[in-house]
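Have your viewer open and your selection tool ready. We will go stop by stop, choosing what to select next and then seeing what is there.

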Amino acid sequence: MSLRPLPTLETAGVNPQGTRACGPPGAAASPDQWSQLMVAAQDGNGGAYKRLLADLAVWLHRYFSRRLPRAEVDDAVQEALLAVHRSRHTYDPRYPLLVWVSAIAKRKWVDQLRALEHRSADELTDTVATPDHEAAVIGASVLTSLLGELRPAQSQVIQLVKLEGYSLEEASSRTGQSIAAVKVNIHRGIARLRALIMGNTDVA
């Protein structure tokens with residue numbers, strides 16, 4: 001099967017905000033039509049494939065925008081599109097394409113969370129002296145729904161720093177925790193959140 005190269009967000013006609021950069025209103029296919037476009041793409045229809053990827057880019061941008069820091073969204077979209085491109089021959093048209101794409105998106109989301117947690121852990125020295133509050137690991141809506149699963153000391157500082165935008169010093173003053181404890185509790189709380197998302201309840 002010969003298909004055109006995988007487009008970037010720009011060549012697919014999608015701007016960084018996850019909307020169409022060009023094309024007439026209503027040009028996007030509905031998710032119900034995506035399966036037909038993928039089947040056509042599997043048969044070598046490059047036009048159908050490009051249209052499908054452009055539609056998926058918009059959907060993926062919305063998906064990751066609700067779950068990742070803004071700076072991470074475009075990379076996650078591109079990684080997911082690449083995964084779709086590499087795995088397109090495995091798609092079974094008996095099933096909705098959206099279900100297949102959603103599974104890929106979830107895997108890429110978890111990969112991105114792992115990378116962000118690792119990056120955050122690298123910033124923590126033995127004395128916990130390096131600030132790590134610049135990057136929120138997951139979106140506010142996800143955090144809000146999971147904060148109740150954390151220890152109070154962890155949920156308090158994540159609520160203040162990650163959701164409400166307080167500095168480490170302000171969070172320390174409001175909770176009575178030292179700045180070092182605030183940093184550690186944010187780091188451990190985020191690790192716990194990621195474990196809960198992945199279904200691992202053994203992380204404290």
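Start by selecting helix H2 (residues 46-65) and helix H3 (residues 70-87). In this predicted model, H2 passes H3 in a right-handed crossing. Turn the view until you can follow both axes: they lie 9 Å apart, and the helices pack at an angle of about 140°. An angle over 145 degrees would count as roughly antiparallel, so at about 140° H2 and H3 are described as oblique to each other.

Now show the side chains where these two helices meet. On the H2 side, pick Tyr49, Leu53, Leu56, Ala57, Leu60, His61, Phe64 and Ser65. Their partners on H3 are Val73, Asp74, Ala76, Val77, Ala80, Leu81, Val84 and His85. Colour this contact by class and you should find 12 nonpolar residues, 3 polar and 1 charged.

Keep H3 on screen and centre on Val84, which is found in that helix. Is Val84 buried or exposed? Val84 is buried, because its relative accessible area is 1%. Which residues does Val84 touch, once those up to four places away in sequence are not counted? Select Met38, Leu53, Leu56, Trp100 and Ile104. Leu53 and Leu56 will be familiar, as they were in the H2 side of the contact you have just coloured. For a distance to try in the viewer, draw a line from the C-alpha of Val84 to that of Trp100: the two are 9.1 Å apart in space and 16 residues apart in sequence.

Met38 leads to the next stop, since it is one of the H1 residues that meet H2. Select helix H1 (residues 31-42) alongside H2; their axes come within 8 Å and cross at roughly 140°. That makes H1 oblique to H2. Here the crossing is left-handed, whereas H2 passes H3 in a right-handed one. From H1, show Trp34, Leu37, Met38, Ala40 and Ala41. From H2, add Ala48, Tyr49, Arg51, Leu52, Asp55, Leu56 and Trp59. By class, this contact has 10 nonpolar residues, no polar ones and 2 charged.

Next, move along the chain to helix H6 (residues 152-163) and helix H7 (residues 168-175), which pack at an angle of about 140° with their axes 9 Å apart. H6 and H7 are therefore oblique to each other, and H6 passes H7 in a right-handed crossing. Show Gln156, Val157, Leu160 and Val161 in H6, then Leu168, Ala171, Arg174 and Thr175 in H7, to see where they meet. The residues of this contact divide into 5 nonpolar, 2 polar and 1 charged.

Leave Val157 highlighted and select Asn185, found in helix H8 (residues 179-197). Leaving aside neighbours within four places in sequence, Asn185 is in contact with Ala153, Gln154, Val157 and Gln177. Asn185 counts as buried because its relative accessible area is 14%, and the cut-off is under 20%.

Finally, zoom out to the whole protein chain. You should see 8 helices and 0 strands. Of its 204 residues, 45% count as buried. The accessible surface comes to about 10,700 Å², and 51% of that belongs to carbon and sulfur atoms. Among contacts between residues at least 6 apart in sequence, 65% join residues at least 24 apart.

How values were computed: Residues numbered from 1 in each chain as written. Predicted model: local features only at pLDDT ≥ 70, side-chain atom pairs only at ≥ 80, totals over all residues. Heavy atoms only, no water. Axes fitted to C-alpha atoms, helices over the stretch in contact; angles between N-to-C directions. Helix = DSSP H or I, 4+ residues; strand = E, 2+ residues; numbered from the N terminus. Parallel < 35°, antiparallel > 145°, perpendicular 65-115°, else oblique. Left-handed = near helix turned anticlockwise from the far one by under 90°. Contact = heavy atoms within 4.5 Å. Nonpolar A, V, L, I, M, F, W, Y, C, P; charged D, E, K, R; others polar. Buried < 20%, exposed > 50% of the residue type's maximum accessible area, 1.4 Å probe, protein only. Areas by Shrake-Rupley, 256 points an atom, 1.4 Å probe, with all protein chains shown as cover.
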